[in-house]
Every structure is written in structure tokens, then in C-alpha cells.
Amino acid sequence: MREERRQKVKQEQIKMLQTGNVHAWNKWRETHPKAAIDLRGVSFDGLLNVPGAELAGANLTKVTLSGANLTEANLSEAILEMVELDVSQLFGAVLKKAKLNAADLRRAVAKYANFSQADLSKAIIVGADLEGALFREAV
């Protein structure tokens with residue numbers, strides 16, 4: 001029963017994000033501050049347009065976010081291991097303390113993004129636009 005409930009919540013979260021209604025998503029996050037965001041393995045390939053989304057602490061391991069618009073999104077402390085962020089928009093996004101181990105950021109636009117204290121071990125950043133991005137204490 002517990003796993004069933006988890007899957008239902010996951011499907012609701014996916015649906016909410018796919019609509020692109022960032023205001024509704026952020027309001028939901030505000031009213032459910034302890035709700036786990038576990039979207040491991042989901043494919044949003046080119047379908048996610050959520051600038052300014054509140055995704056802090058989300059588990060996005062192995063999620064396909066190729067071409068996603070995450071401009072100014074808050075991904076602080078998010079788990080983004082092996083995530084596909086190639087050709088995505090991360091302009092001004094906050095990724096403080098995010099775990100980006102083996103993340104694919106090829107050709108991503110991450111101008112002025114904040115990667116302070118992020119773990120970028122084995123991340124692929126070839127061709128990424130990182131102009132003005134912060135990497136304080138990042139590894």
C-alpha cells in the first residue's frame with residue numbers, strides 16, 4: 001500500500017510539472033514543505049518548461065531533462081546524479097550543494113548559475129555556457 005501511494009504521489013508531481021504551471025507547483029511546495037520529491041528515472045525529454053521552479057532537495061537521479069527550461073530554478077541540495085541536462089537552460093539557477101555526479105551538462109546554458117559546494121564529480125560540461133557561474137567550494 002505504501003509503495004502504491006508513493007507511485008500515485010510521483011505521478012501527480014510529474015503531471016503538475018509537465019503542465020508548466022510554476023506558480024501552482026511552487027504554491028504546492030510551499031504548502032507541503034516536507035513532501036519528498038522523488039522523480040528518479042523519469043523522462044521529461046524536451047517537455048519541461050518550469051523557470052523559477054522550487055525543486056530544492058528533489059531526487060532527480062537518472063532523470064532526462066534534455067532541453068528543459070530551468071531558468072532561475074532552485075535546485076539546492078537536489079540529487080542530480082547521472083541526470084541528462086544537455087542543451088538545457090539553467091540561466092541563474094541555484095544548484096548550491098547539489099549532487100551532480102556524472103551529470104550530462106553538454107551545451108547547457110548555465111550562465112550565472114550558482115554551483116557553490118556542488119559535487120560535479122565526473123560531470124560532462126563540454127560546450128556548456130558557464131559565463132559568470134559560481135563554483136565556490138564545488139568539487
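Three residues separate Arg 6 from Glu 3 within helix H1 (residues 2-19), so about one helical turn lies between them. That spacing is a good place to start in this predicted model, where Arg 6 and Glu 3 form a salt bridge with their closest N and O atoms 3.0 Å apart. Neither end is tucked away: Arg 6 is partly exposed at 47% relative accessibility, and Glu 3 is partly exposed too, at 42%.

That pair isn't on its own, as searching the whole structure turns up six salt bridges. Move along the chain and you come to another, between Asp 38 and Arg 40, whose closest N and O atoms sit 2.5 Å apart. Asp 38 has a relative accessible area of 23%, which makes this residue partly exposed. Arg 40, with 46% relative accessibility, also counts as partly exposed.

Now jump further on to Lys 111 and Glu 131, whose side chains meet in a salt bridge at 3.9 Å, N to O. With the cut-off for a salt bridge being within 4 Å, this contact qualifies. Both residues lie in the segment after helix H2 (22-31), so the pair ties together parts that are 20 residues apart in sequence. As for the surface, Lys 111 is partly exposed with a relative accessible area of 24%, while the value for Glu 131 is 42%, again partly exposed.

And the story here doesn't end with two residues. Asp 129 joins in as well: through salt bridges that share partners, Lys 111, Asp 129 and Glu 131 become one network.

Terms used
Residues numbered from 1 in each chain as written. Predicted model: local features only at pLDDT ≥ 70, side-chain atom pairs only at ≥ 80, totals over all residues. Heavy atoms only, no water. Helix = DSSP H or I, 4+ residues; strand = E, 2+ residues; numbered from the N terminus. Buried < 20%, exposed > 50% of the residue type's maximum accessible area, 1.4 Å probe, protein only.
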